Amino acid sequence: MRFSRILIPTTKETPNDATLASHIYLIRGGFIQSVGGSGLYNFLPLGKKVLDKVRAIVKDELDKAGCQEVSLSFVTPAALWQESGRFEKYGKELLRFKDRKNNDFILGPTHEEMMVNLVRQTVKSYKQLPLNLYQINLKFRDEIRPRFGLMRGREFLMKDGYSFHSSVEDMKREFDLMEETYKKIFTRLGLKFRVVEADSGAIGGSGSKEFMVLADSGEDTIVVCDNCEYAANVEAAVRKEKVCEAEAPEAVFAKFHTPDTKTIEALSKFFHVDPYYLVKTVAKKALYDEGKSEVVLFALRGSDELQIVKACNAVNANDLVDITEDELANAGLIAGYMGPTVVPEGLKVVFDTNLKDASSMICGANEEDHHLIGNSFVGVEADYHDLVAVQEGDLCSCCGEPMRYTKGIEAGHIFQLGTQYSEPLGANFLDENGKAQPMVMGTYGIGVSRLLAAIIEQNHDDKGCIWTKESAPFDLQIIISNIKDEDQVALGEKLYALMLEKGVDVLLDERKDRFGAKMKDYELLGVPHAVVIGKKLSDGLVEFVTRDGMVKQETSVDAIENILLKRF
Ligand code: ATP
Ligand code: MG
């Protein structure tokens, strides 16, 4: 393509809401255009080209794995979501609206219901299973804080796949196949990534994995072990049980006057004991369906931090939010002196599993200026759950080595669903004995438009984008520095024609602009390689440039053809 003929509106101006490199460069490079700064974007020719390349790789690998592409209606009748129970449950991210006949509709943020509806009408027998159907289509989520450009849009492109099986084992086989397929996709895209154990909601278990593109700007914290394969989202990470070297505060059970000791730190100083032997009691407000809510106390060791997603799953809530002082007082709780053992009647308390059989513990007395010492939980029946946020340095549950944190961008998520949707929606099949059974499902997502941002977060410098080979908008850019120089133009046109003939996706910069401006655009757009035809052509020399590192290799005009033919 000729640069002068395509719409690539590059600009020096950084959008004022942009902080991430990918957001800045995708806008400045004229890949995308913001629509009123509200998490909505137009894809311009270059952005569309990259998006299509990424999409093609996703499709190619999925098709090879036996998945079948469909395209579902973006506008979804609310009735389907009422059947599954999600119409009420899904928060404000779900855009609900009515048509002229006053019927309720939604814009699909995900398409489980729609796909189950498709399958329940068409699949009746075990002979038609398994089935893996996917689409690469728009999603709409009315995100509370759309930000970071394509990273967290409101309207975005997702590959969403759903598989249907006659048994749990077969679904697990497909889940593993999808993990392998996703690995192929991210590897082909040239990304550094990790597959991590992910939060599976209230269902729990290891039925969910995320594909994290490693980048410092990632919103997700991942816990990784460098000694073995273990990696998990901090929301789901587990550790080897912690032990404490410090001496336990042996004491008989008693109430103790502890003025001004409202924090774990103050309490630890007051009693001269390790926080390991203190109980941290955290109050949260849990939100449920139909506007219901309740105050819940979460108790864990003072040396540990509460992991909010784990806590939320433990009480099966839709969300956990901070509690106000008034709400705390209304629940009969004393801030700074709460404890899990002395609680107002009916108040829900969840204990961290590390407190099971703990003894010599100190906890709040739920009375101003008082704590209880010598508490033992040995043999105490209670609601125990893993509530702990794994910290850096905690030991790996698989190999015992210390783990560390790293940051990632969630680019894909695969999930063993089971019959969560097929049961309420009545997606049944007849098994070999003619008995009706709910189909067992898996669900698999990739953030296709988010991938553009992820690629650039991982691959950029202070000048612009550095696209990976398979994602690049062009394979090669040929830059004629001065189009008034006939020799430069002649060589540029010759190489351009040669490359086109060889099927190389090449961009010829034959614009009237200054050379400096053209090079700035080259750096900003991030095409992996360029041939720069400049002043030195009179000495028979041109430059072959590699965008990654801006490595320039001066070469003779005679040699350049061979270099190009060899590389492409
Ligand atoms: P996140 O935790 O980042 O909000 P999610 O877990 O809600 O994402 P899923 O429901 O798992 O997202 O959706 C599948 C994929 O879609 C994600 O792995 C992610 O790559 C992509 N995705 C989700 N939300 C957005 C968004 N607002 N903008 C762009 N891509 C998104
Ligand atoms: Mg997810």
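Begin by selecting Lys269, which counts as exposed because its relative accessibility of 59% lies above the cut-off, exposed meaning over 50%. This residue sits in helix α7, which runs over residues 264–271. If you then add Val168 to the selection, you will find that the C-alpha atoms of Lys269 and Val168 are separated by 53 Å, the two residues being 101 apart along the chain.

Now zoom out to the whole chain, keeping in mind that this is a predicted model. Taken along the principal axes, the C-alpha atoms of the chain fill a box of roughly 95 × 65 × 50 Å. With a cartoon representation switched on, there are 13 helices and 29 strands to trace in the chain. Of its 568 residues, 51% count as buried.

**Ligand 1**

Select ligand 1 next and display the residues around it, of which there are 14, with Arg141, Glu143, Arg152, Gly153 and Glu410 coming nearest. Colouring this shell by class gives 5 nonpolar, 4 polar and 5 charged residues. Which strands each supply at least two residues of the shell around ligand 1? They are β8, spanning 155–165, and β21, spanning 403–418, and it is β21 that provides the largest share, with 4 residues.

For the contacts made by oxygen atoms of ligand 1, turn on distance labels and step through three residues. At Arg450, a polar side-chain atom lies 3.0 Å from an oxygen atom of the ligand. At Gly447, by contrast, the atom to pick is a backbone N or O, which lies 3.3 Å from an oxygen atom of ligand 1, and at Ala411 a backbone N or O atom is likewise found 3.4 Å from a ligand oxygen. A surface display of ligand 1 can be read alongside these contacts: on its own the ligand has 580 Å² of accessible area, and the protein covers 80% of that.

**The magnesium ion**

Keep Glu410 selected and bring up ligand 2, the magnesium ion, which is coordinated by Glu410 through OE and by His413 through ND1, at 2.3 Å. Is Glu410 buried, exposed or partly exposed? Its relative accessible area is 22%, and because buried means under 20% and exposed over 50%, Glu410 is partly exposed.

**Aromatic pairs**

Finally, show the aromatic side chains, among which the structure holds 13 aromatic pairs. One of them joins Tyr182 and Phe186, whose rings are 6.4 Å apart centre to centre with 75° between the planes, an edge-to-face arrangement. Both residues belong to helix α6 (residues 168–188), and because they are 4 residues apart there, about one helical turn separates them. Tyr182 is buried, with a relative accessible area of 0%, and Phe186 is buried as well, at 1%.

Move from there to Phe351 and Phe377, whose ring centres are 5.5 Å apart and whose planes meet at 65°, so that this pair too is edge-to-face. Here the pair links distant parts of the chain, since Phe351 lies in strand β17 (residues 348–352) and Phe377 in the loop between β19 (370–375) and β20 (384–385), 26 residues apart. Phe351 and Phe377 are both buried.

To end the tour, return to Tyr182 and Phe186 and add Phe193 and Phe211 to the selection, since these four residues form one aromatic cluster.

Technical notes
Residues numbered from 1 in each chain as written. Chains lettered and ligands numbered in written order. Predicted model: local features only at pLDDT ≥ 70, side-chain atom pairs only at ≥ 80, totals over all residues. Heavy atoms only, no water. Near = heavy atom within 4 Å. Polar contact = N/O pair within 3.5 Å; in protein donor to acceptor, adjacent residues only side chain to side chain. Areas by Shrake-Rupley, 256 points an atom, 1.4 Å probe, with all protein chains shown as cover. Nonpolar A, V, L, I, M, F, W, Y, C, P; charged D, E, K, R; others polar. Donors = N, O, S within 2.8 Å, 3.2 Å for Na, K, Ca; no water. Buried < 20%, exposed > 50% of the residue type's maximum accessible area, 1.4 Å probe, protein only. Phe/Tyr/Trp six-rings, centres within 6.5 Å; stacked < 30°, edge-to-face > 60°.
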